[in-house]
Amino acid sequence: MTQTITEDRGLDDEFDQQKDAVIMMVDDEPILMEIIQTFLEEEGYQHFITIDDSTKALATIDQERPDVLLLDLMMPEVDGFTILESIRRDAWNKYLPVIVLTSSTDSETKLRALEMGATDFLAKPVDSSELALRLRNTLMVKAYQDQLTYYDTLTNLPNRKLFLDRVDWAIQRSHRAEKPMAVMVVGLDRFKQVNETFGPRAGDEILTQAAARLKFAVRQDDVVTVAQRWQSVARLGGDEFAVLLPEISQAEIAGSVARRMLDALKEPLSVEGQDVFISASIGIATSPEDGQDSDALMKNAAIATDFAKQQGRGTYQFYSPDLDAKSRELFELETDLRRALSRNELELHYQPKVETSSGKTVGMEALVRWRHPSRGMISPGVFIPMAEDGGLIVPIGAWLLEEACRENMRLAEAGFDNLKVSVNISAVQISDPGLHDVVANALANTGLDPARLILEITESVVMGDVESNLKVLHDIRGLGVSLSIDDFGTGYSSLSYLKRFPIEELKVDKSFLDEVEHSDEDAAIVRAIIVLAHTLELTVTAEGVENANQVAFLQEVGCDIIQGYHFSKPLPPDQLLAFLQG
Ligand code: C2E
Ligand code: MG
Ligand code: MG
């Protein structure tokens, strides 16, 4: 019994979906179309295009891409047969369902229309109940065929074929409307890794949930136009999605849609009872600037996506012609990076951490620099993501961890024997099973007291396999070193997570301090972070502090440690010693 009810429900839902269909009528008698429209509106249909001048029919079909055509056969100038014939020859509209309206009882006419590919017949005068049923059945068949041909079975999103077709159509349309349109290629970051960790079934689940998030993020209102029906999120294949924004008032709108998508992916997905964090890299290409056909536009959007990935993921990038060259340059840099370690091109600088209450230097953060033989100093923001991608971060990280420990021992010999040194550890290192030994070796090889080593991790280490990452962190904590959460507040930070991490310190991200003197909101955030952190018995360090006003504020709200240009830039070892000696 229940079974039957749900089945009926299913059909009803499908019929309801059909009510979104665009119904086009071509008839030389406007009155007749009006009657049909009125009746179909009562049935719940909402989108109609009526054409009484049959010479305009074909162009309108091309522009509006209706779901079904009700076509009169006998019309002056261009008759229904001619229109039908052209439709069936057209690459795009070949399969458009056409219901032919004819007063002719003449079987030869019917036969001819059928031969030309008419989908169904309706006798004039039109019987309204019969019309409703024939229309419903025709749309059902179309929906079924569309589903098989044009939709991805996993996510139910349009597939590449349908997407490219829509892109071509949207390019033409935007050209006529003289408004830009945009395509975006969305690649999920490190999906392969996630898939390997969790298995293919979880992988499918992640793709499905990510698809739903993207769809939701796109479907908000800044892209409202007549063309909204064609706005779509598609799955190109694998971990690649695409978005079409058919008519936008300006190219920048694509940027805000991209930001919304990135935000929508920030909250963890729930897969087989586990929280899984993912992110995406998005490339955007707009027409007419970046291409006049779907091939060019998609290729350029993909180039922009690759560039966004190279830039460190979780970001979006507009295509520009120089990206190709920039991409190549980054590629060359990556090759150079492979040799940087053996050629001694990496060095560590140290930024003092100052105790707020006493003004004393209590430690320093090690920040890596790359002295490239021809390009000069390269910042870690550029090459660390690169090293993470190529797996190079593991040997590089091991080297700089030991180097930082050794430097701290040198400082101790120079009389500064109670400083703590902080070393940044990348999320990729956390997933490396050898990390525990790397830390243990660095301590053993240098003789540094573990209590004087702090490892900084970012919130993104919860990405991927949370449980196993937690185990790794507890193991490392067992060596006696401390853990700190870097850039706190920028990622997905929930206290329930923090409580589970064996950490001693929070570093409030610079972005909250930039405006802290002018923004009540930022001031309130910093204040709240400090209160919460102290409740959890964590030390709070503020980073990126540049002026005395910020220092005064941080003193007032009880921040423990301050780090930033106000006290000192990161310094090479000899200058750090000079700084300490005052
Ligand atoms: P981070 O760990 O959050 O480091 C703080 C960054 O802010 C450093 O940039 C530092 O030079 C900069 N900074 C410090 N005080 C101020 C200030 O007052 N004003 C401004 N505008 N900036 C300030 P840097 O050295 O370019 O490093 C960038 C990021 O690269 C680091 O962010 C860290 O995530 C990563 N990184 C640096 N060294 C290493 C490393 O040895 N290993 C790993 N895995 N990552 C590293
Ligand atoms: Mg740091
Ligand atoms: Mg930081």
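Asn424 counts as partly exposed in this predicted model, at 27% relative accessibility (buried means under 20% relative accessible area, exposed over 50%, partly exposed in between, with a 1.4 Å probe and protein chains only). As for bookkeeping, residues are numbered from 1 along each chain as its sequence is written, chains are lettered from A and ligands numbered from 1 in the order in which they are written. Because the model is predicted, local features need pLDDT of at least 70 and side-chain atom pairs count only at pLDDT 80 or more, while totals for chains, interfaces and linings use all residues; side-chain values use heavy atoms, leaving out hydrogens and water.

Asn424 supplies its OD1 to the magnesium ion (ligand 2), alongside Glu365 (OE), Glu456 (OE) and Asp486 (OD), at 2.0 to 2.2 Å. Donors here are N, O and S atoms within 2.8 Å of the metal (3.2 Å for Na, K and Ca), and with water not among the atoms, sites may look incomplete. Along the chain, the donors of ligand 2 are spaced as E-x58-N-x31-E-x29-D. Asn424 sits in strand E16 (residues 420–424) and Asp486 in strand E18 (residues 482–488), so the pair ties together parts that are 62 residues apart in sequence. Helices (H or I, at least four residues) and strands (E, at least two) are DSSP runs, numbered from the N terminus. Asp486, at 6% relative accessibility, counts as buried.

Asp486 also does double duty: it coordinates both magnesium ions, ligand 2 and ligand 3, which are 4.1 Å apart. Ligand 3 is held by Asp486 (OD), Asp487 (OD) and Glu543 (OE), the last of these listed twice, at 1.9 to 2.6 Å. Its donors follow the spacing D-D-x55-E. Asp487 lies in strand E18 and Glu543 in the loop between strand E20 (539–542) and H21, so this pair ties together parts that are 56 residues apart in sequence. Asp487 is partly exposed at 25% relative accessibility, whereas Glu543 is buried at 10%.

Back at Asn424, one of its contacts is Gln429, which also touches Ile393, Gly397, Ala398 and Leu435, leaving aside neighbours of Gln429 within four places in sequence (contact means heavy atoms within 4.5 Å). Gln429 belongs to helix H15 (residues 427–431) and is buried, with a relative accessible area of 5%.

Then there is a helix pair. H20 passes H21 in a right-handed crossing (the near helix is turned clockwise from the far one by less than a right angle; anticlockwise would be left-handed). Ala523, Val526 and Arg527 of H20 meet Phe553, Leu554 and Glu556 of H21.
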